[in-house]
Amino acid sequence: MTEIPERADIVVVGAGIVGNSVCHHLAELGWRNIVLIEKGPLPDPGGSTGHASNFIFPVDHSREITALTTDSMRQYEKLGTLISCGGVEVAREPARVEELKRRMASARAWGVDAELIDPGRVAELVPFVDPDILLAGFWTPSVAVVDPLRAGALMREQAIADGALTVAASTTVTGIRTDGGRVQRVCTDAGDVETSLVVVACGVWSPRIARLAGGQIPLTPAVHQMMDVGPIPEFEASGTAIAYPIVRDMDALMYERQSGADLEIGSYAHRPILHEPDEIPSLAAAALSPTQLPFTSEDFDPQLEQALELFGSILDRPDAGVRHAINGLLSLTPDGAPVLGPSPEVDGLWSAAAVWIKEGPGVGRMMAEWLTHGDCEFDMHGADIARFYPHQRTREHVRARANEGFNKTYGIVHPREQWESARGRKLSPFHARERAAGAVFFEVGGWERPHWYESNRDLLEEFGDRIHDRPHEWDARWWSPIVEAEHLALRERAAMIDLTAFAQFDVRGPGALDYLQRMTMAQLDRPVGRICYTPVLTPGGGFRSDLTVVRLAEDRFRVITGGADGARDRFWFESHLPADGSASLVDVTSAVCTLGLWGPRARDILAATTEDDVSGEAIPFGTARWIAVDGIPVLALRVSYVGDLGWELHAPFEQGQALWDAIAEAGRPHGIAPAGIGVYGTTGRLEKGYRLMGAELDAEYDPVEAGLALPKVKAADFIGKDAYLAAREGDPAATLCTLTVDDHLGAEGIPRYPQGGEPIVTPAGERIVDRKGRGSAVTSAGPAPSVGRHLLMAYLPPEFAVEGTSLQVEYMAERYPVTVARAGRTPLFDPDDTRMKA
Amino acid sequence: MQLIVVADGQVVPELPAVARSLASRDEPVEAVAFAGTGVPAGDVAGELGGYGVSRLHVVRHELLDEYGPEAWGSALATVIDWLGPAGVLASASHRDTEVLTHAAARAGLPLATNCVRLAGEEDGSGAWRLTRTRSGGVLLEDAELTAPVKLATVAAAVETPQVPLQPADCEVTESAVDVPPELARTRVAERVASETGLSLSTAPVVVSGGRGVGGAEGFVVLEELAERLGGVVGCSRVATNNGWRPHRDQVGLTGTKIAADLYIACGISGATQHWVGCMDSAAILAINTDPEAPMMQRATYAVEGDVHEVVPAVLAEIRRRADGAAGSGRSGVEEPAPAGSSRR
Amino acid sequence: MDIVVCIKRVPAFGAQVPLTDDGLAVDTRHLGFTIGPHEECAVEEAVRLAAAHGGRVTVLTVGPEEAGEQLRYALAMGAHQGVLVDTGTTDLDPEATATAVLAGLADEPAPDLLLFGDASADAGHGQVGVRVALACGLPIVGGVTGIEAESGAVPENGAVAENGAVTENGATLRATRDTPGGTEVFGLSVPAAVAVKEGLNLPRYPTLPGRLKAKKAALRTVTCGPEPGGLRTLGLRRPADDRAGAIPLGRGADAAPAVVDVLAELGKV
């Protein structure tokens, strides 16, 4: 048994594909005193790495996951542990054919070679399937099978050869000691090791190990059923592990692949079967391995029939028997994405969990970069462990969403699709009024936000043909033309919008200004009462966040950020607080509600509710002032994300309903309408060219490219400044542009509306890639009712980022002409901001 | 009376001790044997007398001349009915167990098999408190046996009670019994002796191969080593399932349970199913590439390495030492060099 | 040849058997269930015999409702029908189990062949076959690893004929088993009972169509609450593992001298 060193620079727990890869990349980046602790034996410790089906389909609708996957494939190949076999996703139902077309768009957008094929071609590629029950196939030649156990062993060996790694197998972590919220040492049954950094790469056991340090890793072990049927003489004759393409029978939510002489069948169709991390059997007590639990055949039975339908020619034979069947364990998270990065709860505790075989090596590389440099090549905000609000880390939430999400593994998930479970967890004080007005709620960060109001349906008649109906069900799903009507009502009169989901932090103290200056790109040293919009950059100069900072006093600021990113932003700000205590941060989200009031009548309405002066002179654009609205103390912020005259009204949470009622009452004579986030986040924003974190803005793009570079660079140092300065010096590799769709008519003879994520291609249909290798794809899409066009945003290389350039957008396997309407941040609607500044 | 069954002619020394410990002070321990065992009754009686057994009942009937489980079981049931013992014990050998099982069924009595501990209940109820093995020995079951006549088979690994056994003159009583003629139907009709004198269950050394041997041809070196050490070759379930070895070579829960002086496990991981078959061996040597394999942890000795490297090296070392011995003139044994050997 | 095969639902466990807190049973929360290997061979043999000689295969089990899973597995292997004697548990003593098996057989037509595994994979009493066969008036041989059936013909083998192993319909079975000294051969006339051991055959894996058919098959359920016999389980425990860790003798071929030293010490060379 290996002796555990007394001290380590970093301890990685878990020698599955993720842990091995983290160690390997840390060693590559120069780390030397790394200790890898594994409870089980090597090379197969008994976790999910040892029983996974090990195939990789590179195309995912998520850019982040596709990037991790293709990076992983490169690594597996370099290690000689990848066999390309090709793979085809087949459609049995018309809806799936549409989904495969959408996958084509993702393949094009992220640069993966793929092709839509007909059933006959599917049968040529995989001679055993019955093409008569198929409608189409999505063929990806680069689909491969990998050996993650071997890859992991090679990664360990390299790190050991570098003199960087000590491996302790069959060693159980019994505790992680912390002091003052910081990791101090890892205790094992073979001795303790002092360290300030622990990476939990324990797959389904991760929550258990993190809890030893007092942290939470929100995932649940869940069953994925697999069986091997054979022998199949044709497979045996091939003499290899895999000679035929892998088939994903998408509508049956299952896959079939050759595995030596057997056909391996896996299913995501059975009922969700969730386990508890604490109740996974030990290595000794498990019949096969701790993550290969007894097969529950009744759950799999419907899949047998579907497998026979597709593969009857080889499965319906007397000699082909079920030779092996398991309930394999994998990790499910509340939103299906991995859980990576530093824990917001315990300093020095890092998570590298809920990672699939197809992403393991790439995740290892990103984690090593993140640990070394503070950020990494790919934008990881969707996988960041800090994205979870406290309620989203609870067992109840994790299980509810995992339960709902499991069957979506191969499902057709609309980009705007809402969760059904664990809803109604965070309600604004306006909620009762909103419900009464027929609000259709979408969720962000647990908050219920009206997306539109059914009570505004009568506005459709008023605005008539200025509103675009969406005749195709897919385009119309999770959408309503009422959004456009609410938009026009705002532009013509006024609208009130619930913005309570904002995350808000009060920063105060003698060091508050210096601290915030260091965190942000914009100059915050402005007079009291000024509102600053500012990017927050990563050390590498990409977008970490963008938010608004209000100077409430010399030494007091309020930071206001979006509900989607509030948890991440809070962790980022808290983890950078000055050690000397000169600045403090208090999360006031739960104390404050926010009502947006915008439109040409906004000032008249607000004036009717207050004795305070709300004129442009009293509250100029870009300033904040305390006023009393019907006796309610309100911080009025003269800003707008929809580009019209008005305010964000911030009030004590418990007085929110009174605020709502006062504005609604005063607005009635002016024809005020409640408007949903559809207006705030899509229509109003897009025609004003405003960027959205997570859509246009992420760590892979810089402020120059996003058109958010400021005229002057402040003197104060700030995170990402060097990179920002460098970006300002050179020509941007891409520029964020606004494009108009010129012709919506699709092949079916009805207009189609791109939703976002689609590739932008040249008139000749060629993929557009910038000099950094980033493909051009739609970051946001939506109608601009005041402009009368459907708008797209996309980063384009300089040669295309020229206003008037004709290009195409590829949507559902068809191409539609588009024109670059704006290169840079100038909006299409009211380019001089006269309305907003009125 | 406590009665010992000697169905296969072998006296197991533990049985009289267990029987004595279960008997009250003046209660005799007697035995029953069958005329068809082929072992002279006098020899058996002599041995039993040494353990304090006072009488040997030898039952006789023409249907008992050849072994037949039903006929022998029926005869034993009759004897139990005659003698009315408080307890009847037999060894865990196949034949003893089979005869006792048939007798129990015919007499309508319960039976506890594979007992490793037997004692009278302290409450004086006359019941037995016992421990028996389950699942091939990975579990122990504590149980209570209550019956007018209590029947049990005693495993080789039984805890032998510390009771004084006074040697006795064991009197032989021969009795004819009635056996229903139709029970001729299950007499052994034919016997085929095994090819070598050594059997898997009795060999002092077993050299066993599993997955790590890789194929039928891989067993050649194991055969050679077994022959060298005066043993036989065994195998794991993997080897049987892959057709590398016949099932009769299988050591394990569903194969043969062995208790060799030395068990050499070559490329066998040591799953429970296998372990319970070899765990009673006095010494176990494991050879495996995986130091974490259960067999490597549980064995007496462990060599980390590939069977195909280790076993030939061991054979070479044995030959080298034998040569050395020959060179010193202590032995004239001539070892034929295997083809390809360049050790000389 | 109509055959009834008796099988038992047993937990499939790994290196260490988990026990419930009260020590009365195996903790099966994380364990799957299976048919013991001996019984799997019995099912396989029955399916083969029925295929070769005609007839139906009925599988019978005693246990809780969930034991239907094991019946369906046997049906998927090719058995024709299943009988579940619902006793609510598999933890019965051998006498009670035999009573329950008999209750299940009561309404079945008398089979030509009644097959058992030599002993269950968990309790391992090895008595139920003998008790049931006796109650049915059938001859029984245990430990069998070879069965040959000949229908209609009087066997040439004199020994078999001498032993009366010829039935009215002329079907005979030649059952062989391994003993420490060699092989014993029995000639049996049907109807008969045989308890078999693993090694008899290589059981097949169920096919997908087989599984689907088995899933839909109706099982006959008989409810039975047999009187307990004289052997009562008080508790289960794991034996103490008194072996110290293995003594390492080295790696690869370099370990040879140390190995031979040990062999010499043990007096084997």
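How far apart do the C-alpha centres of domain 1 of chain B and domain 2 of chain B lie? They lie 36 Å apart. This is a predicted model, and the values below are computed from it or taken from a record, as stated.

**The two domains of chain B**

Chain B is divided into two domains. Domain 1 runs over residues 2-186, and domain 2 over residues 205-327. The two domains of chain B touch: five residues of domain 1 are in contact with six residues of domain 2. What classes of residue does domain 1 of chain B bring to this contact with domain 2? Its side has three nonpolar and two polar residues, and no charged residues.

**Spans named in UniProt**

UniProt places two features on this model, one on chain B and one on chain A. Both come from unreviewed entries. The table sets out the record's names and residue ranges with the computed make-up of each span.

| Feature in UniProt | Residues | Helix | Strand | Distance between end C-alpha atoms |
|---|---|---|---|---|
| Electron transfer flavoprotein alpha/beta-subunit N-terminal | 19-178 of chain B | 27% | 32% | 27 Å |
| FAD dependent oxidoreductase central | 373-428 of chain A | 21% | 0% | 39 Å |

**A glycine in chain B**

Now take a single residue. G49(B) is found in helix α2 of chain B, which covers residues 41-50. Is G49(B) buried or exposed? G49(B) is buried, because 20 other C-beta atoms lie within 10 Å. The cut-off for a buried residue is 20 or more. Which residues does G49(B) touch, leaving out those up to four places away in sequence? They are P167(B), A168(B), D169(B) and C170(B). L76(B) gives another reference point. G49(B) and L76(B) are 27 residues apart in sequence, and their C-alpha atoms are 21 Å apart in space.

**Nonpolar cores**

In soluble globular proteins, nonpolar side chains tend to be buried together. The largest nonpolar core in this model has 269 residues. I34(A), V198(A), V200(A) and A352(A) have the most contacts inside this core. Helix α3 of chain A, residues 94-110, supplies the largest share of the core, with seven residues. A second, separate core has 129 residues, and includes A33(B), L48(B), A152(B) and A98(C).

V200(A) deserves a closer look. Setting aside neighbours within four places in sequence, the contacts of V200(A) include V13(A) and G14(A). Others among them are S206(A), I209(A), A210(A) and I217(A). The run L349(A), W350(A), S351(A), A352(A) and A353(A) is also in contact with V200(A).

**Chain C and its meeting with chain B**

Chain C has seven helices and 13 strands. Along its principal axes, its C-alpha trace spans about 65 × 50 × 45 Å. Of the 269 residues of chain C, 53% count as buried. How many of the contacts in chain C between residues at least 6 apart in sequence join residues at least 24 apart? The share is 72%.

Chains B and C meet. On each side, 73 residues are in contact with the other chain. The side of chain B that touches chain C divides into 34 nonpolar, 20 polar and 19 charged residues.

Strands pair across these two chains as well. Strand β10 of chain B, residues 190-193, pairs with strand β9 of chain C, residues 182-189. The pairing is antiparallel and runs over four bridges. Within this pairing, which residue of β9(C) does E190(B) stand opposite? E190(B) stands opposite V185(C).

Conventions: Residues are numbered from 1 along each chain as its sequence is written. Chains are lettered from A and ligands numbered from 1 in the order in which they are written. This is a predicted model: local features need pLDDT of at least 70, side-chain atom pairs count only at pLDDT 80 or more; totals for chains, interfaces and linings use all residues. Domain bounds come from an automatic or database domain assignment. Two residues are in contact if their C-beta atoms, placed from the backbone, lie within 7 Å. Ala, Val, Leu, Ile, Met, Phe, Trp, Tyr, Cys and Pro count as nonpolar, Asp, Glu, Lys and Arg as charged, and the others, Gly among them, as polar. UniProt positions are given in the numbering used here, feature names are shortened, and annotations may be inferred rather than shown by experiment. A residue is buried if 20 or more other C-beta atoms lie within 10 Å of its own, exposed if 12 or fewer, and partly exposed in between; C-beta atoms are placed from the backbone. A nonpolar core is a set of buried Ala, Val, Leu, Ile, Met, Phe, Trp, Tyr and Cys residues joined through C-beta atoms within 7 Å. Two strands pair if DSSP finds at least two bridges between them.
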